[in-house]
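Here's a quick briefing to read with the model open on your screen. Have the sequence handy too, and go through the points in whatever order suits you.

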Amino acid sequence: MKTKLSLFVVAVAFTLASCTKSKSAFVDTQKLFEEYSEMTEVQDKYTKLTDEVREELQPKIQAFQIKVDLYQKNASTMSPAERQAKEQELGALQQEIQQMQQARGGQIQQESQAAIDSVISKVRKFIDTYGEENGYDFIYGKNESGNVLYGNKELDITDDILKALNTSYSSGESTSTSEAQEEENDTVSAE
């Protein structure tokens with residue numbers, strides 16, 4: 001009788017354990033950040049700023065190159081003292097341009113990284129809220145480092161998250177994930 005009771009308890013425990021199946025999904029983080037509107041806007045903004053700095057410095061770089069070419073052309077006719085003075089002048093000018101590039105480039109890089117970190121933080125919070133509101137126990141991140149090596153396509157919610165994030169962002173970031181989900185459901189119903 002004890003063996004039957006033990007088998008029964010094990011069977012009941014196994015049945016209960018299998019009934020508590022967790023709801024999980026994954027998000028392709030690379031695709032998410034490549035296609036999320038706010039992230040692309042941030043990246044575009046800082047790419048544009050970098051290009052603007054390059055354009056600002058271009059006249060100085062061109063003027064420096066003209067001076068270098070002129071020096072190279074006339075170096076053979078200069079005295080050693082004149083060459084040394086000109087080389088020092090050109091070296092100082094080159095160093096000034098490099099310092100300007102590094103200063104502005106470093107500033108843009110810091111600002112860019114802070115903006116990207118802010119977007120990543122917002123996305124993480126958004127996914128937390130999305131997971132809670134949609135009953136997920138786990139949402140995994142799929143990326144190049146192999147957090148998720150394989151995932152059934154049916155569990156890939158990247159497009160759902162992207163749609164909700166972009167809807168929320170385009171509406172002034174005031175839309176909650178449940179409102180974005182309702183809009184998404186309305187769109188699916190209309191189709």
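Start with tyrosine 140: setting aside neighbours within four places in sequence, tyrosine 140 is in contact with Ser24, Ala25, Phe26, Val27 and Val148. Keep in mind that this is a predicted model. Tyrosine 140 sits in strand E2, which covers residues 138–142.

**Around tyrosine 140**

- Is tyrosine 140 buried or exposed? Neither, quite: tyrosine 140 is partly exposed, as its relative accessible area is 41%.
- Measure from C-alpha to C-alpha and you'll get 9.5 Å between tyrosine 140 and aspartate 156, which are 16 residues apart in sequence.

**The chain as a whole**

- The chain has 6 helices and 2 strands, and reading from the N terminus the order is α-β-α-α-α-β-α-α.
- There are 191 residues in the chain, and 23% of them count as buried.
- Take the contacts between residues at least 6 apart in sequence: 80% of those join residues at least 24 apart.
- The chain's accessible surface is about 13,500 Å², and carbon and sulfur atoms account for 52% of that.

**Helix H4**

- Helix H4 runs over residues 80–133, so its 54 residues should span 80 Å at 1.5 Å a residue. The C-alpha atoms at the two ends are 78 Å apart, which agrees.
- Which residues of H4 are buried? They are Leu90, Ile97, Ile108, Ser112, Ala115, Ile116, Val119, Val123, Phe126, Ile127, Tyr130 and Gly131.
- After H4 comes glycine 135, with a positive phi near 75°.
- Arginine 83 belongs to H4 and is partly exposed, at a relative accessible area of 29%.
- Arginine 83 touches Tyr71, Ala75 and Met78 once you leave out neighbours within four places in sequence. From arginine 83 to tyrosine 71 is 12 residues in sequence and 8.2 Å in space, C-alpha to C-alpha.

**Helix H5**

- Helix H5 takes in residues 158–170, 13 residues in total. Its first and last C-alpha atoms are 18 Å apart, close to the 18 Å expected at 1.5 Å a residue.
- The buried part of H5 is made up of Thr158, Ile161, Leu162, Ala164, Leu165, Asn166, Thr167 and Ser168.
- Glycine 172, just after H5, has a positive phi of about 90°.

**Nonpolar cores**

- The largest nonpolar core holds 23 residues, and the members touching the most others are Leu32, Tyr36, Val123, Tyr130, Ile157, Ile161 and Leu165.
- Strand E1 (24–28), helix H3 (37–74), H4 and H5 each put at least two residues into this core.
- Which element gives the most to this core? That's H4, with 8 residues.
- Leucine 165 gives you a look at the packing: not counting residues up to four places away in sequence, leucine 165 touches Leu32, Tyr36, Val123 and Phe126.
- Another core lies apart from the largest one; it has 6 residues, including Val68, Tyr71, Leu90 and Ile97.

**A buried glutamate**

- Glutamate 38 is in helix H3 and counts as buried, since its relative accessibility is 8% and the cut-off for buried is under 20%.
- What does the side chain of glutamate 38 join? Look for lysine 122: the two side chains make a polar contact of 2.9 Å.

**Aromatic pairs**

- You'll find 3 aromatic pairs in the structure.
- In one of them, tyrosine 36 and tyrosine 169 have ring centres 6.1 Å apart and planes at 70°, so this pair is edge-to-face.
- Tyrosine 36 is in the loop between helix H2 (29–35) and H3, while tyrosine 169 is in helix H5, so the pair ties together parts that are 133 residues apart in sequence.
- Tyrosine 36 counts as buried at 4% relative accessibility, whereas tyrosine 169 counts as partly exposed at 21%.
- Phenylalanine 138 and tyrosine 140 form a stacked pair, 5.8 Å from centre to centre with 15° between the planes.
- Phenylalanine 138 is partly exposed, with a relative accessible area of 42%.

Key
Residues numbered from 1 in each chain as written. Heavy atoms only, no water. Helix = DSSP H or I, 4+ residues; strand = E, 2+ residues; numbered from the N terminus. Buried < 20%, exposed > 50% of the residue type's maximum accessible area, 1.4 Å probe, protein only. Contact = heavy atoms within 4.5 Å. Areas by Shrake-Rupley, 256 points an atom, 1.4 Å probe, with all protein chains shown as cover. Expected span 1.5 Å × (residues − 1). Core = buried A, V, L, I, M, F, W, Y, C linked by side-chain atoms within 4.5 Å. Polar contact = N/O pair within 3.5 Å; in protein donor to acceptor, adjacent residues only side chain to side chain. Phe/Tyr/Trp six-rings, centres within 6.5 Å; stacked < 30°, edge-to-face > 60°.
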